[in-house]
Amino acid sequence: MGIKSFQGKRAAPVKIESAPIMVGDYMTTTLITFKKEQYVAEVMEALLKNKISGAPVVNDRYELIGIISDADCMKQISESRYFNMPIGDMKIENYMSTDVAVIDKNISIFDCAQLFFNNSYRRFPVVENGKLIGMISRKDVLCAALKLRAQNWHC
């Protein structure tokens, strides 16, 4: 006599919806931005007040023209001491980085993490049709990883 199964009819498998894993799902869209005509002292105050290490510099059409970071501000502090000038009395256009690597919102968080791993950048501006639409930082990628850790790691 054979063994009988008492499991009964099995339910149809349920497809698990995968969690969003694109840069556009985790990027910051409420940004603190600067204009190239602003002073370094203003940038330092805003960076400290908002507890951030850098921010995009945009023109009037919200097109990205550079990034100003705390390291750029440090350069101005160093130069002001050397030349005996007031701290923060210079405009940020003289200190911002203009050769900025940008990222697309449709890149996966995993590819973005690899870009961070391969570069020393702390943040990538997200640009669409020439306009700044957000920023993705290392911290955003870490937050995404924590949210995804209970999910499947494939797309």
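**Close-up 1. F124 and its ring partners.** F124 is buried, because its relative accessibility is 3% and buried means under 20%. This is a predicted model. The structure holds two aromatic pairs. In one of them, the rings of F116 and F124 have centres 4.8 Å apart. Their planes meet at 45°, so this pair is tilted. Like F124, F116 is buried. Y121 and F124 form an edge-to-face pair. Here the centres lie 5.4 Å apart, with 75° between the planes. Y121 is partly exposed, at 36% relative accessibility. Ring pairs thus link F116, Y121 and F124 into a cluster.

**Close-up 2. The two sides of helix α4.** Which residues of α4 are buried? They are I109, C112 and F116. These residues sit on the same side of α4, because they cover an arc of only 60° around the axis. F117 and N118 lie on the other side of α4, and they are exposed. Which elements do the buried residues pack against? The partners are α1 (23–26), β3 (123–128), β4 (131–137) and α5 (138–148). F116 belongs to this buried set in α4 and also to the ring cluster with Y121 and F124.

**Close-up 3. S108, in the loop before α4.** S108 lies between α3 (70–82) and α4 (109–118). Is this loop residue buried or exposed? S108 is buried, because its relative accessible area is 11% and the cut-off for buried is under 20%. Look for its contacts beyond four places in sequence. S108 touches I21, M22 and V23.

**Close-up 4. D140 in helix α5.** D140 is found in α5. It is buried yet has no salt bridge. How far away is the nearest side chain of opposite charge? That side chain is K139, at 7.0 Å. A salt bridge needs a nitrogen within 4 Å of a carboxyl oxygen, so K139 is too far from D140 to form one. Setting aside neighbours within four places in sequence, D140 is in contact with Y26, T28 and M135.

**Close-up 5. The strand pair β1 and β2.** Strand β1 covers residues 54–58, and five of its five residues are buried. It is therefore largely enclosed by the rest of the structure. β1 is joined to strand β2 (residues 64–69) by five bridges. The two strands run antiparallel. Find V57 and look across to β2: its bridge partner is G66. The hairpin has five residues between the strands.

**Close-up 6. Y62 in the hairpin loop.** Y62 is placed in the loop between β1 and β2. Is phi positive or negative at Y62? Phi is positive, near 65°, in a residue other than glycine. Most residues other than glycine have a negative phi. Y62 is partly exposed, because its relative accessible area is 31% and partly exposed lies between 20% and 50%.

**Close-up 7. K51, a positive phi ahead of β1.** Where does K51 lie? It lies in the loop between α2 (40–50) and β1. K51 is not a glycine, yet its phi is positive, at about 55°. Is K51 buried or exposed? K51 is exposed, because its relative accessibility is 76% and exposed means over 50%.

Note on methods
Residues numbered from 1 in each chain as written. Predicted model: local features only at pLDDT ≥ 70, side-chain atom pairs only at ≥ 80, totals over all residues. Heavy atoms only, no water. Helix = DSSP H or I, 4+ residues; strand = E, 2+ residues; numbered from the N terminus. Buried < 20%, exposed > 50% of the residue type's maximum accessible area, 1.4 Å probe, protein only. Contact = heavy atoms within 4.5 Å. Pairing = 2+ DSSP bridges. Phe/Tyr/Trp six-rings, centres within 6.5 Å; stacked < 30°, edge-to-face > 60°. Arc of directions from axis to C-beta. Lys, Arg positive; Asp, Glu negative; His and termini not counted.
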